[in-house]
Every structure is written in structure tokens, then in C-alpha cells.
Amino acid sequence: MEEVRSSAAWVATHSSHVTVDSTGIERAVEAIHGSVPKVEWDFEGIHFFDNGPLTVQYLFVLDALNFCFWPDKDLSYDHLASGLKAAIQNDKSVFDADRLQKYTGPQLRELLKWPRPLPLEDERVRLLHEVGLELERSFGGKAANLVESCGKSATSLVALIARHFPGFRDHSVYKGHQVFLYKRAQIFVADLWGAFKGQGYGEFNDIGSVTIFADYIVPAVLRQLGVLKYSSSLAGTIEANKEIGSGTEEEVELRACSIYAVEKMRDLIKIKSGKQVLSVELDLWLWSFGIQSQSLLHHRTLSIYY
Ligand SMILES: Nc1nc2c(c(CN[C@H]3C=C[C@H](O)[C@@H]3O)cn2[C@@H]2O[C@H](COP(=O)(O)O)[C@@H](O)[C@H]2O)c(=O)[nH]1
């Protein structure tokens with residue numbers, strides 16, 4: 001994850017459309033009195049949890065599909081998490097590796113009880129097949145084996161996922177530099193850590209190395225807090241609900257500057273209060289704040305990564 005941190009910092013210092021505002025960071029940290037409001041993992045009660053390997057399989061499938069809900073204005077992450085939860089409660093073998101390789105778009109819709117095609121449905125199906133095939137080929141069909149092979153290291157788990165599953169290779173090239181964002185791979189680590197409360201499959205000795213998960217909600221929250229500032233052309237594009245192309249400077253800056261800004265918030269909290277907070281905790285607080293806000297305007301990029 002050092003690559004995520006350092007490449008995000010590179011973008012933030014060469015950025016043309018997004019600025020990380022140090023006064024905004026100071027204000028945001030002052031507003032929370034130097035500590036992060038605690039948000040429980042699964043604060044919405046929408047996830048499957050049985051304290052065993054089936055939960056790991058559920059979370060890996062969930063995070064393989066955890067992207068781009070906004071093109072359907074009625075769809076959100078909650079539908080995905082609770083739809084997959086109902087599916088596994090109904091049929092324990094629904095996410096077996098051999099079955100993952102065979103789902104069609106209409107079957108996935110049926111599983112999620114969603115009445116019309118999902119956004120980027122073909123990609124979602126392709127990614128399910130990829131997960132099923134590679135789990136079967138290299139991990140005995142079980143995401144739990146993937147996790148167990150990482151010796152409680154979040155960094156190793158993210159690297160292993162990126163090596164085996166091309167759909168999780170969330171990188172971009174920005175002004176000639178390769179930038180690593182790894183949103184879905186890192187959120188899988190955070191979901192394990194949150195669900196298993198840092199024990200068993202959720203125990204990672206280096207959880208502090210995980211950054212925030214650069215999606216389309218957190219940048220919008222950081223902007224509301226005054227931590228990110230946008231150029232007038234970027235602000236205009238977002239306010240007009242116009243799409244921003246995947247891999248464009250604007251898109252990479254929105255995501256990378258969010259990662260960098262939260263790392264700066266974390267540093268400032270440490271200086272002000274002596275507390276070592278985790279980016280995972282900051283992320284959950286920012287994200288939960290964002291999804292509860294009615295007026296949040298977020299950027300729109302068709303992407304399989306977030
Ligand atoms: N940074 C960050 N982004 C996150 C999450 C989660 C869900 N994690 C949950 C798991 C257990 C806890 O209960 C967590 O809350 C989803 N997303 C992203 O948000 C967007 C969906 O937005 P909307 O269309 O409004 O549903 C989309 O890009 C999705 O990938 C997170 O935690 N952090």
C-alpha cells in the first residue's frame with residue numbers, strides 16, 4: 001500500500017484540477033476535536049455474517065461487484081450487500097467457485113431481486129466468472145484460503161489479489177506516472193477487519209497501512225468539508241452531472257487527492273491529539289456521513305473499480 005500512498009501524493013503535488021486545502025484539513029480536524037467519530041461496521045445491518053469462511057466468500061463476491069451504482073438512481077451499495085446476503089442465507093452454495101463461473105446477467109439480477117439490468121451488468125458478470133475461475137484454480141475455490149495465505153498482512157493480501165484477479169487492478173497512468181488506488185482490494189481487507197472485529201480472518205498486523213477507498217462518495221464529502229477544492233471547470237462538470245472519463249486527469253486527481261488528503265488529516269490528528277487513527281476508521285466515518293447526506297453531488301465515471 002506504500003505504492004498507493006506515494007503515488008497519490010505524487011498526483012496531489014502535480015494536480016491541475018483538484019487542490020488539497022490545508023486550512024480545510026485544519027478545520028475538519030478541529031471540528032471532530034482530534035478524534036474520529038466511531039462508526040460501527042455494518043451500521044446499516046445489511047451484511048451477511050456467520051463468523052466463518054462463508055462470510056469471507058460473501059465479502060469477496062461483494063467487493064468484486066462493489067462499484068458504479070449511480071447510473072441507476074434507485075440502486076445503491078445497500079441493495080448489493082443485502083441482496084447477496086439474502087441469496088447466501090437462502091442457499092449456502094450460491095457463491096461456490098463453480099457456480100460463480102456460470103452466472104448470467106439475468107441470473108445475477110434475479111439473485112439481487114433487481115427488476116432491470118444492472119449498471120455495467122456484463123462487466124459484473126465477467127468479474128464474477130473471473131473470481132470463480134481463479135479461486136478454483138489457485139485457492140481451492142475458497143476466498144478463505146486466499147486470506148489465510150497472507151499471514152495476517154493486509155499489504156500481502158492486496159498484492160495477492162491484484163496479482164491473481166485482473167479486475168481488482170485499480171491503477172491509472174497520470175501525467176506519465178503509474179498511480180495505484182486499489183479501492184476494491186483494500187475495502188475487502190477493511191470489510192474482513194470490520195466484520196471479524198480484527199480477529200480470525202479479520203486479523204491484520206498492518207491494518208494501519210490501508211488507505212481510504214477512493215470511490216465517488218468520499219471526494220464529495222471532502223469537498224463539502226472544504227478539504228478539497230475543485231477548479232471551476234471541474235466543479236461545473238460535476239454540478240451539471242456530466243460524466244468524467246475513466247483515467248482522465250480529473251478523475252485520477254479526484255481519487256488520488258482524496259487518499260492524500262485523508263492521510264494528511266491522519267497526520268494532523270496525530271500531531272494535535274497524539275492519537276494514531278486508522279484511515280479505515282476515517283473512511284467509514286466520511287462514507288457514512290456522505291451516504292446520509294441528501295444533497296451530495298458526486299462525480300460520475302463509468303468504472304469497474306469503484
Ligand atoms: N470509501 C468507501 N466507499 C464505499 C464503501 C462502501 C460500503 N462499505 C460498507 C461495508 C461495511 C460497512 O457498513 C461499510 O459502510 C461502498 N462504497 C462505495 O460507495 C459508492 C456507493 O455509493 P451509493 O451509490 O450511494 O450506494 C460506490 O463507489 C461504492 O463502491 C466504504 O465503506 N467506503
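**Exercise 1. The ligand and its polar partners**

How far does a polar side-chain atom of asparagine 66 lie from an oxygen atom of the ligand? Work this out in the predicted model shown above, and then describe the surroundings of the ligand.

*Solution.* Begin with asparagine 66, where a polar side-chain atom lies 2.6 Å from an oxygen atom of the ligand. Taken alone, the ligand exposes 670 Å², and the protein buries 94% of that area. Next, turn to the other polar partners: a backbone N or O atom of aspartate 42 is 3.2 Å from an oxygen atom of the ligand, while a side-chain N or O atom of aspartate 215 lies 2.8 Å from a nitrogen atom of the ligand. Finally, widen the view to the 21 residues that surround the ligand, of which the closest are Trp41, Asn66, Lys183, Tyr216 and Asp283.

**Exercise 2. The setting of asparagine 66**

Find where asparagine 66 sits in the chain, decide whether asparagine 66 is buried or exposed, and list what asparagine 66 touches.

*Solution.* The first step is to locate asparagine 66, which belongs to the loop between α3 and α4. The second step is to compare its relative accessibility with the cut-off for burial: the value is 6%, and because buried means under 20%, asparagine 66 counts as buried. The third step is to look at its side chain, which makes a polar contact of 3.1 Å with the side chain of aspartate 63. The last step is to leave aside residues up to four places away in sequence, after which asparagine 66 is found to touch Tyr77, Leu80, Lys183, Arg184, Ile187 and Tyr306.

**Exercise 3. Helix α4 and its buried residues**

Describe the span of helix α4, name its buried residues, and say which helices those residues pack against.

*Solution.* Start with the helix itself: α4 covers residues 77-90, has 14 residues, and reaches 20 Å from its first C-alpha to its last, which is close to the 20 Å expected at 1.5 Å a residue. Then pick out the buried residues of α4, namely Tyr77, Leu80, Ala81, Gly83, Leu84, Ala87 and Ile88. When reading such a list, it helps to recall that an α-helix has 3.6 residues a turn, so residues three or four places apart point the same way. The remaining step is to follow the buried residues of α4 outward, where they pack against α3 (53-64), α6 (105-112) and α14 (279-292).

**Exercise 4. The setting of aspartate 215**

Place aspartate 215 in the chain, judge its exposure, and describe its contacts within the protein.

*Solution.* Aspartate 215 is located in the loop between α10 (183-195) and α11 (218-224). Its relative accessible area is 8%, so aspartate 215 is buried. Once residues up to four places away in sequence are set aside, aspartate 215 touches Lys183, Trp287, His299 and Tyr306. With tryptophan 287 there is also a polar contact of 3.4 Å between the two side chains. For a contrast in distance, consider serine 273, which is 58 residues from aspartate 215 along the chain and has its C-alpha atom 28 Å from that of aspartate 215.

**Exercise 5. Residues with a positive phi**

What phi does asparagine 51 have, and what phi does lysine 113 have? Add the location and exposure of each.

*Solution.* Take asparagine 51 to begin with: although this residue is not a glycine, its phi is positive, at about 65°. Asparagine 51 is part of the loop between α2 (22-31) and α3, and is exposed, with a relative accessible area of 56%. Lysine 113, which is not a glycine either, has a positive phi of about 55°. Lysine 113 occupies the loop between α6 and α7 (121-139), and is exposed, with a relative accessible area of 65%.

**Exercise 6. Cysteines and disulfides**

How many disulfides does a search of the whole structure find, and are cysteine 68 and cysteine 257 buried or exposed?

*Solution.* First recall that a disulfide is a covalent bond between the sulfur atoms of two cysteines. The search of the whole structure finds zero disulfides. As for exposure, cysteine 68 is buried, with a relative accessible area of 0%, and cysteine 257 counts as buried at 0% relative accessibility.

Terms used
Residues numbered from 1 in each chain as written. Predicted model: local features only at pLDDT ≥ 70, side-chain atom pairs only at ≥ 80, totals over all residues. Heavy atoms only, no water. Helix = DSSP H or I, 4+ residues; strand = E, 2+ residues; numbered from the N terminus. Expected span 1.5 Å × (residues − 1). Buried < 20%, exposed > 50% of the residue type's maximum accessible area, 1.4 Å probe, protein only. Contact = heavy atoms within 4.5 Å. Polar contact = N/O pair within 3.5 Å; in protein donor to acceptor, adjacent residues only side chain to side chain. Disulfide = S-S within 2.5 Å. Near = heavy atom within 4 Å. Areas by Shrake-Rupley, 256 points an atom, 1.4 Å probe, with all protein chains shown as cover.
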